[in-house]
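Subject: Structure handover

Hello,

Please find the structure below, followed by my notes on it.

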Amino acid sequence: MTVPRINPERLLADLRFLRGIGAQGKGVVRPAFSAKDMEARRWLKQRYQEAGLEATIDGVGNVLGRSRHPGKALLVGSHSDTQPTGGWLDGALGVIYGLEVVRALTADSATRMLPVDAVSFQDEESRFVGCLGSRSLTGTLAPGVEQAAVDNSGVMLADALRDAGLAGVPRQRLARERYAGFVEAHIEQGPNLEDTGRKIGVVSSIVGLRGIRFVFRGQQNHAGTTMMDRRRDATTALYELAYRINQEFPKVAGERTVWTMGRLRVEPNATSIVPGYADLDLQFRDASEAPLDAFEKIVARLVAEINARGGVAIEATPARAPIPPTRMDAGLQEHIARAAERHAPGKWQHMPSGAFHDAGFISASLPSAMLFIPSIGGISHDFAEDSRDEDIVLGCQVLADAAASILAAANGGR
Ligand code: GLV
Ligand code: MN
Ligand code: MN
């Protein structure tokens, strides 16, 4: 079997160009539906067209490039929106890999007729709804979400869609029968590959995730005249609840269960005022539902206990649409593993993903798989996020090889 060769310079040049749209220092600020995000999507649409794809931006901002070739197609891509302060490769890597795989297969006479579609999903990073674009493509976006979803500054999704010029633009649905499957490449965003000296991760499962928002209501008052026994300090309840979560969760957590309290707000957030209001987001993840169920029960118990004392009232509500844990398709993993063994013999491994990804949602509709490359220092969701050029190039070569092999098998060895 011939292996299509990717063009490393072209791949790195496009990745760097995309980095420039919203660049801040070493990082990128390109949250979903921002002017920079939409600029990147228009640029990508043009790149897809130059690669011979029929390209559209749909009504939620997904950029989809469809191959004109007949036969079962492979969908390849990721997301091009970023965290509020994001790294340059999270999502962008898999998007530009998709483009490069299309170009590499087209340039080789043995693979030029194999149909590859490329995609950049919208709002994977949860400005409004995590994996909004893949939820929309698979028909699982909650009805009324345009009015219900607001970002951290209170902007409503409907208004962001309008300001991005997407009001009334048709939303695409994934045509299941068109595809042999979906493959998403991504940086690992953790230390595992670097620690083991391996170059490629073949993802076996993707974590599930749930979130709870706590609102704490007490009584705002003077910090000098209000004696401790009379206070109804919202943050005292917050600190206690957060501390007890950190005490109780490890008792039922699995080896890879994680939880984070990464956003909180205190009002009025002033040194000489006893705060009357606070809110806090708790997020927890695991590859199986059992510890997530157990965490919900612990939270309910702790909240009831603190509320029973009177003073500060805590209200707990789901903070986000839950993401179920998913397993990646065994057959597609096999193709990626064989390609990894050809290009990095002995230097690849199967591994779970602690980050969630659009592949989790697409897997409900299509056989799906993921490929990871190492992250330097295991750092991600930070401006410092980076990967070595040679690892970026190797990952794309493995993906191009795997894509050709998946498509050849799906189309009867063509
Ligand atoms: C996705 O970006 C995640 O937070 O796992
Ligand atoms: Mn990502
Ligand atoms: Mn991310």
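I begin with a residue that recurs in these notes, His381. With a relative accessibility of 39%, His381 counts as partly exposed, because the range for that class runs between 20% and 50%. Please keep in mind that the model is predicted, and that the values here are computed from it.

Metal site, ligand 3

His381 is one of the residues that coordinate the manganese ion (ligand 3), and it does so through NE2. The other donors are an OD atom of Asp90 and two OE entries from Glu125, and the distances run from 2.1 to 2.5 Å. Along the chain, the donor residues of this ion follow the spacing D-x34-E-x255-H. Glu125 and His381 link distant parts of the chain, 256 residues apart. Glu125 sits in the loop between strand E6 (116–121) and helix H4 (132–137), while His381 sits in the loop between strand E17 (368–373) and helix H12 (389–410). Unlike His381, which is partly exposed, Glu125 has a relative accessibility of 8% and therefore counts as buried.

Metal site, ligand 2

The manganese ion (ligand 2) has His79 (NE2), Asp90 (OD) and His186 (NE2) as its donors, at 2.0 to 2.2 Å. Their spacing in sequence is H-x10-D-x95-H. Asp90 coordinates both manganese ions, ligand 2 and ligand 3, which are 3.5 Å apart. His79 belongs to strand E5 (residues 73–79) and His186 to strand E7 (residues 179–187), so this pair ties together parts that lie 107 residues apart in sequence. Both histidines, His79 and His186, are buried.

If you check the donor sets, water is not among the atoms, so the sites may look incomplete.

Ligand 1

Which residues are around ligand 1? They are Glu124, Glu125, Arg285, Ala355, Phe356 and His381. Two of these, Glu125 and His381, also appear among the donors of the manganese ion (ligand 3). By class, the shell consists of three charged residues, two nonpolar and one polar.

Oxygen atoms of ligand 1 take part in these contacts:
- Phe356: a polar backbone atom at 2.9 Å.
- His381: an N or O atom of the side chain at 3.2 Å.
- Glu124: a polar side-chain atom at 3.5 Å.

Taken alone, ligand 1 exposes 190 Å², and the protein buries 93% of that area.

Aromatic residues

The structure holds nine aromatic pairs. One of them is formed by Phe214 and Phe216: the ring centres are 6.3 Å apart and the planes meet at 45°, so the pair is tilted. Phe214 and Phe216 are both buried. Elsewhere, Phe249, Trp259, Phe284 and Phe295 make up one aromatic cluster.

Strand E17

One last item concerns Met370, which lies in strand E17. Is Met370 buried or exposed? Its relative accessibility is 0%, so Met370 counts as buried. The C-alpha atom of Met370 is separated by 9.5 Å from that of Leu399, and the two residues are 29 apart along the chain.

Regards

Technical notes
Residues numbered from 1 in each chain as written. Chains lettered and ligands numbered in written order. Predicted model: local features only at pLDDT ≥ 70, side-chain atom pairs only at ≥ 80, totals over all residues. Heavy atoms only, no water. Near = heavy atom within 4 Å. Polar contact = N/O pair within 3.5 Å; in protein donor to acceptor, adjacent residues only side chain to side chain. Areas by Shrake-Rupley, 256 points an atom, 1.4 Å probe, with all protein chains shown as cover. Nonpolar A, V, L, I, M, F, W, Y, C, P; charged D, E, K, R; others polar. Donors = N, O, S within 2.8 Å, 3.2 Å for Na, K, Ca; no water. Helix = DSSP H or I, 4+ residues; strand = E, 2+ residues; numbered from the N terminus. Buried < 20%, exposed > 50% of the residue type's maximum accessible area, 1.4 Å probe, protein only. Phe/Tyr/Trp six-rings, centres within 6.5 Å; stacked < 30°, edge-to-face > 60°.
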